[in-house]
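Let's take a friendly walk through a protein model, one region at a time. Keep the structure open beside you and find each part as we come to it.

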Amino acid sequence: MSDFPPGRWRARWIWAPHAETASGRVYVAFRREFDGAAVDRIPARVCADSRYVLWCNGREVANGPARVNPRRRRYDVVDLARHVEPGRNVLAALVCFYGAPTAWWMPGPTLTSRLSRGGFVLEARLGDHWLVTDEEWQAQVLVGWSATAATSGVSGRGDELLDARALPDGWNRSERAVDWAPASALAANSLGESGRPEPPSYPFGPVLARSIGWPEPVDIPLAETSPGLYDAGEVVAGTLIVDAEGPPGANVAVLAAEFLEESAEEFGARFTLDGSRRSIETFDAYGLRVARVAASAGVTVHAVTVRERLAPVTGAAFFECSDPTLDQIWRVGRRTVSLCSFDAYLDCPTREQRAWTGDAVVHQMVDLTTNADWRLARWYPHLAASPRADGMLPMAAAGDAEAAEIAIIPDWALHWVHAVWNLYRYVGDRDEIAALMPVVEGVLRWFEPYVDDDGLLRDVVSWVIIDWASVETDGVSAALCGLWARGLLDFAEIADWLGDTGRAAWARTRHARLKQGFAALWDLARGRYRDTLTTAAASQHGQAAAIVGGLAPRARWDRLVEVLTTEADLVHATFSVPDREAKPNGDYPVGGAYLRRGHPRPWWDVERQVVRAQPFFRYVVHDALAAAGRADLIAAQCRDWSVLLERCPTSWSETWFGGTTSHGWSSTPTRDLMTRVLGIEPATPGFTTARVEPALGDLAWARGAVPCPGGHVHVDVQSTMLTVDSPLPFVHAGRVYERGVHAIPRGAEGSA
């Protein structure tokens with residue numbers, strides 16, 4: 001029997017008396033003493049609006065809940081047994097209600113229920129009785145704990161304000177007594193509800209269990225390299241801990257910064273001391289390379305530490321080859337995705353922490369190929385499956401962007417569709433995929449009103465970004481049509497697998513019509529696809545999307561590969577630099593005025609030159625090369641990332657020319673070195689059979705291991721021999737091999 005079967009909880013939602021009258025961000029501390037004994041298991045579940053940290057006898061137990069649309073609230077499950085001691089124990093929680101939307105939190109509808117203005121709930125089974133949140137808990141609003149107003153920058157956050165005088169040292173341990181008021185139970189108080197304080201209650205629904213893993217916190221001390229400047233040596237991400245002492249009321253301000261030189265986009269926390277030496281930890285997480293610290297007179301700062309809180313990476317995946325630069329590129333990509341893996345896949349941990357619907361397809365593919373823990377890779381499509389009434393997805397899920405509906409990015413929703421296809425291939429859970437398919441269909445059907453008489457998408461509204469390169473999208477966009485076509489094919493394939501032949505036929509009919517109309521974009525004189533019907537300009541994006549979308553006839557593939565890879569014709573162009581080349585590592589602006597004013601005219605030779613894809617869209621370019629039978633080119637393509645090592649040797653930049661240095665969407669080579677160079681992919685849905693088709697290109701050798709159900713597929717590929725050690729059957733060169741170790745001779749050209 002489940003520890004927590006469906007139905008009403010025993011615990012009550014609680015809050016501090018009078019806390020609901022406060023405005024803005026509110027912090028509430030909770031405490032409950034109880035008698036414990038040494039037992040094997042003490043299952044507990046806990047949730048809060050907005051976020052919480054839970055301790056047992058001063059030891060951190062949990063930090064959550066994971067971000068989600070509030071109508072699909074999730075609770076966390078923990079085992080308290082290893083933290084509980086015989087005799088007197090203390091459970092304590094610090095809960096923050098954000099009040100206003102943040103990049104990582106989306107408020108519930110405040111007029112429907114009292115539960116949309118802060119709350120905390122916990123229940124734990126202590127043998128034959130339950131410990132639950134109720135009026136027996138003590139609660140205290142923390143005076144002086146707040147946050148400044150959000151800045152006008154992209155981060156959407158202000159500075160955290162933490163006053164040590166409001167929270168006694170040791171408050172979360174049994175030896176320290178506190179004199180706080182009893183907590184108040186919160187009734188639902190919504191239309192049609194009886195007002196009971198026990199979940200489930202509107203608007204949160206039944207509240208389901210957490211689907212992702214727990215981070216293993218790692219403390220990273222920062223070195224004081226000059227007065228007030230603390231350096232981690234690389235980008236790190238987590239909560240900030242300041243160890244300081246000084247007079248009561250004295251302040252310590254810490255600014256998190258991504259770059260050694262000062263940046264306009266910096267934010268952090270301000271600590272107020274209580275006269276003793278204290279280590280104070282922020283509630284929010286920060287991404288940074290350096291911390292700039294300013295303190296009042298008489299204050300001694302003993303240490304600044306980042307407690308990294310990243311999603312777990314498990315298993316024995318690895319990659320190495322005859323080119324050490326590619327080995328480094330693989331490692332940097334893996335690290336960058338980790339930096340962007342909190343309770344969701346993030347844009348980046350530094351400048352902003354939004355869960356962008358499209359970016360995360362790269363993060364997901366890196367995790368599926370290098371991390372045995374697939375829980376976050378599986379959760380991402382569900383988190384973003386939050387459609388509007390018309391079927392379109394938010395551009396970033398479960399935060400301020402979704403709450404305010406700032407804009408939509410239609411192509412981002414199509415990358416999300418591909419993420420569902422990835423889930424079908426790697427995980428292959430029929431119930432899970434079937435539950436997502438109505439959302440996939442809604443996304444694809446959203447585009448139908450924009451289909452013209454020729455079957456092409458025309459004048460699609462809102463922000464069609466493609467990526468930060470100079471890709472024309474006005475009118476009919478080749479790249480957007482190609483992505484929609486790929487989505488239709490992905491949907492049809494999954495529908496066939498589920499036995500839904502009707503929906504599969506619908507998708508293929510739409511695709512066939514689009515393919516016929518897409519021929520109008522072919523530029524016969526130049527042998528390439530134009531970005532739009534009204535321009536001669538062309539990009540890698542349009543050519544690649546034509547291939548992966550199944551729109552380009554096979555007879556044109558060789559020519560399109562030539563267009564994609566002829567280095568002399570490729571140009572670094574971005575609309576944010578309207579009059580010249582955005583040279584790699586040039587620190588040019590990302591984004592800019594064109595987002596509102598429209599695209600500037602091309603400055604490059606549109607008759608000859610082709611716009612390069614930025615790192616994000618390169619996953620589509622590389623997929624196109626593989627689909628065209630040229631996976632052998634991908635190892636050399638991955639070397640393009642070596643230029644980014646000059647700017648930051650430990651994590652990837654947002655673009656070739658600038659932006660943040662911790663962008664997971666730039667990590668495509670880490671996936672490709674596994675799936676193209678080693679050639680390890682699922683051959684059947686759910687990875688019940690592997691496909692092993694290595695493509696060394698110009699490498700002398702490569703070896704590595706990719707996680708799969710039941711273990712890892714190990715591959716060692718040399719010029720004349722392929723060795724595979726697989727826990728499941730695999731297909732190579734059209735032949736099926738049973739699980740186990742196989743040594744397969746390769747020909748002189750490196751083929752089996």
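## Charged partners

Both arginine 292 and glutamate 266 are buried. In this predicted model, their side chains meet in a salt bridge, with 3.2 Å from N to O. Where do the two partners sit? Arginine 292 belongs to strand β22 (residues 286–295), while glutamate 266 is in the loop between β19 (251–257) and β20 (267–272), so the contact ties together parts that are 26 residues apart in sequence.

A further pair joins glutamate 281 to arginine 307. Glutamate 281 lies in strand β21 (residues 278–281) and arginine 307 in strand β23 (residues 300–308), so this salt bridge also links parts that are 26 residues apart in sequence. Is glutamate 281 buried or partly exposed? With a relative accessibility of 24%, glutamate 281 counts as partly exposed.

Next, look at arginine 351 and glutamate 352, whose side chains meet in a salt bridge. Arginine 351 has 19% relative accessibility and counts as buried, because the cut-off for buried is under 20%. Glutamate 352 is buried too, at 4% relative accessibility. These two residues belong to a network of salt bridges that links Asp347, Arg351, Glu352, Arg354, Asp400 and Glu654.

Here are the three pairs with their distances:

| Salt bridge | N to O distance |
|---|---|
| Arginine 292 and glutamate 266 | 3.2 Å |
| Glutamate 281 and arginine 307 | 3.1 Å |
| Arginine 351 and glutamate 352 | 3.6 Å |

Side chains of opposite charge can pair when their charged atoms come close. How many salt bridges are found in the whole structure? The search finds 65 salt bridges.

## Strands side by side

Now turn to the strands. An open sheet is built from six strands in the order β5-β4-β7-β2-β10-β13, with antiparallel pairing. Its edge strands are β5 (59–64) and β13 (181–182), each of which pairs on one side only.

Within this sheet, find strand β4 (residues 51–56) and strand β7 (residues 87–97), which pair in the antiparallel sense over six bridges. Arginine 51 stands opposite cysteine 96 in β7. In a regular strand the side chains alternate between the two faces of the sheet.

Elsewhere, β17 and β18 form a hairpin with two residues between them. Glycine 228, in the turn, has a positive phi of about 80°. The hairpin strands, β17 (residues 223–226) and β18 (residues 229–245), are antiparallel and pair over three bridges. Glutamate 224 has tyrosine 230 in β18 as its bridge partner.

## Cysteines on their own

How many disulfides does the count come to? The count is zero disulfides. Take cysteine 96, the residue opposite arginine 51: the nearest cysteine sulfur is that of cysteine 47, 14 Å away. Cysteine 96 is buried, at 0% relative accessibility.

Cysteine 321 has its closest cysteine sulfur in cysteine 638, at 9.7 Å, which is too far for a bond. Cysteine 321 is buried as well, with a relative accessible area of 4%.

## A pocket and the helices around it

The second largest pocket has a volume of about 930 Å³. Its lining has 38 residues, and those nearest its centre are Trp421, Arg425, Ala627, Arg676 and Glu681. Several elements give two or more residues to this lining, among them α5 (410–426), α9 (540–548), α15 (668–677) and β31 (680–682). Which element gives the largest share? That is α5, with six residues. By type, the lining residues divide into 17 nonpolar, eight polar and 13 charged.

Two of the lining helices are worth a visit. In α9, nine of the nine residues are buried, so this helix is largely enclosed by the rest of the structure. Among the buried residues are Gln540, His541 and Val548. After α9 comes glycine 550, whose phi is positive, near 65°.

Helix α15 holds methionine 674, which is buried with a relative accessible area of 0%. How far apart are methionine 674 and tryptophan 330 in sequence and in space? They are 344 residues apart in sequence, and 9.2 Å apart in space from C-alpha to C-alpha.

Terms used
Residues numbered from 1 in each chain as written. Predicted model: local features only at pLDDT ≥ 70, side-chain atom pairs only at ≥ 80, totals over all residues. Heavy atoms only, no water. 1 Å grid on protein atoms, 1.4 Å probe; cavity = no way out; pocket = protein on both sides within 12 Å on 5 of 7 lines; lining within 4 Å. Points joined across faces, edges and corners; volume = space filled by probe spheres on them. Helix = DSSP H or I, 4+ residues; strand = E, 2+ residues; numbered from the N terminus. Nonpolar A, V, L, I, M, F, W, Y, C, P; charged D, E, K, R; others polar. Buried < 20%, exposed > 50% of the residue type's maximum accessible area, 1.4 Å probe, protein only. Pairing = 2+ DSSP bridges. Salt bridge = Lys/Arg side-chain N within 4 Å of Asp/Glu carboxyl O. Disulfide = S-S within 2.5 Å.
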